[in-house]
Amino acid sequence: MNSIHMKAGFITPEKKIEVGSEHLLAFCGLACQKYLKEHPEEIPNWKEFTKDYSYFHPFFDFLVFYLKWIPVGFMGDSNSFGIIQEDKLFIQQLPENMNEEEEDLYDTLYYTKVENPNIKKYIVKADNKTLSIRNPKKKIQGDGIVLHDGIVFLQSDVHQFALATTILNQLSLSFPYLAEDFRNSKDTYKNDYHWYLIDRLGAILFTEKYAIYDTNLMSDIQLQVLKNLPVDAKEQEKSEEEYQNPFSIEDTLDLLDKIYKNKK
């Protein structure tokens, strides 16, 4: 077991910051506010960085992708941390027996070699442009994800599974109980974040041939989006025959209502 000893938080060049998962989003917002107050010359850079954020909050991303803070603890996994390579944040497991009192703790983690850098288990910035958010009322081409509230994310330069990881991370920041729910589901999903979005959060995962979703969880707007997906009829029928949701529909609907009740 590593010796970082915190459920969630950040490692900065100056210190280790532990934050309760239920306060993580608020902490990120306050940390950005504090940084800009102390460094007013950075306000133009903040405005440039955040200009394309309208669905998800920019706070976590600013700390990680701009200030290069190292996040620890993803979706309820306190042994995970993020390593940045260019514009991707790869989720890795903390090294065993790491001494948290080391003066070079930040550098030790920051320069840790990414294991399997070609895997799809990474996070990107959650701005509208990077996630290729589209108008759900228009014809959709390509692969992507549709959330319960009808928001469409297209796979562009970001792999579809990385889209799912990024979305789940942002939703977990806004709704901390999701991190606990996902952690309790890890035996079912391992690291397959896209399946959790489908089964537990009522998302649609689609390609140019088929869409995977639970008909019992579909919102009205998602049903409209489905009409704009160019799926192959035979492939779609096969997909629907093979799909099974391992969770209780009633329990999942209660979870969706808690998340999206203010967006209906």
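This short presentation walks through two sheets and several helices of the structure shown above, which is a predicted model.

Let me begin with the sheet of 6 strands. This sheet is open, its strands follow the order S2-S1-S3-S4-S5-S6, and the pairing is antiparallel. Which strands form its edges? They are strand S2, residues 16-18, and strand S6, residues 122-123, each of which pairs on one side only. As general background, strands of a sheet pair through backbone hydrogen bonds, in either a parallel or an antiparallel manner.

Moving through this sheet, strand S1, residues 9-11, is joined by 3 bridges to strand S3, residues 70-74, and the two run antiparallel. In this pair Gly9 stands opposite Val72 of S3. Further along, strand S4, residues 77-85, and strand S5, residues 88-93, pair in the antiparallel sense over 6 bridges. Here Ile83 is placed opposite Phe90 in S5. S4 and S5 form a hairpin with 2 residues between them, and Glu86 in the turn has a positive phi of about 55°. S5 is in turn joined to S6 by 2 bridges, again with the strands running antiparallel. Leu89 stands opposite Ile123 in S6.

I turn now to helix H1, residues 24-38. At 1.5 Å a residue, the 15 residues of H1 should span 21 Å, and its end C-alpha atoms are indeed 21 Å apart, so the two values agree. Which residues of H1 are buried? They are Leu24, Leu25, Cys28, Gly29, Ala31, Cys32, Tyr35 and Leu36. Viewed down the axis of H1, these buried residues fall within an arc of 160°, and therefore they line one face of the helix. In general, an α-helix has 3.6 residues a turn, so residues three or four places apart point the same way. The face of H1 turned away from the buried side carries the exposed residues Leu30, Gln33, Lys34 and Lys37. What do the buried residues of H1 pack against? Their partners are S1, helix H2 (43-50), helix H3 (59-66) and helix H5 (160-174).

The second sheet is also worth describing. Its 5 strands form an open sheet in the order S7-S9-S8-S10-S11, with antiparallel pairing. The edge strands, each pairing on one side only, are strand S7 (133-134) and strand S11 (211-212). Strand S10, residues 204-206, is joined to S11 by 2 bridges, and these strands run antiparallel. Leu205 stands opposite Ile212 in S11.

Helix H5 lies across strand S8 (144-146), strand S9 (152-154) and S10, running at about 35° to S8. Gln160 is found in this helix, H5. Is Gln160 buried or exposed? Its relative accessibility is 6%, and Gln160 therefore counts as buried. Not counting residues up to four places away in sequence, Gln160 touches Asp143, Gly144, Ile145, Gln155, Leu205 and Phe206.

Next, a pair of helices. Helix H6, residues 177-184, packs with helix H8, residues 193-201, at an angle of about 110°, and their axes are 12 Å apart. That angle makes H6 roughly perpendicular to H8. The contact is made by Leu178, Asp181 and Phe182 of H6 together with Tyr193, Tyr196, Arg200 and Leu201 of H8.

Finally, I would draw attention to Asp257, which lies in helix H11, residues 249-260. With a relative accessibility of 37%, Asp257 counts as partly exposed. Asp257 and Ala179 are 78 residues apart in sequence and 17 Å apart in space, C-alpha to C-alpha.

Key:
Residues are numbered from 1 along each chain as its sequence is written. This is a predicted model: local features need pLDDT of at least 70, side-chain atom pairs count only at pLDDT 80 or more; totals for chains, interfaces and linings use all residues. Side-chain values use heavy atoms; hydrogens and water are left out. Two strands pair if DSSP finds at least two bridges between them. Helices (H or I, at least four residues) and strands (E, at least two) are DSSP runs, numbered from the N terminus. The expected span of a helix is 1.5 Å times one less than its number of residues. Buried means under 20% relative accessible area, exposed over 50%, partly exposed in between (1.4 Å probe, protein chains only). The arc is that of the directions from the helix axis to the C-beta atoms. Contact means heavy atoms within 4.5 Å. Axes are lines fitted to C-alpha atoms, for helices over the stretch in contact, and angles run from 0 to 180 degrees between N-to-C directions. Angles under 35 degrees count as roughly parallel, over 145 as roughly antiparallel, 65 to 115 as roughly perpendicular and the rest as oblique.
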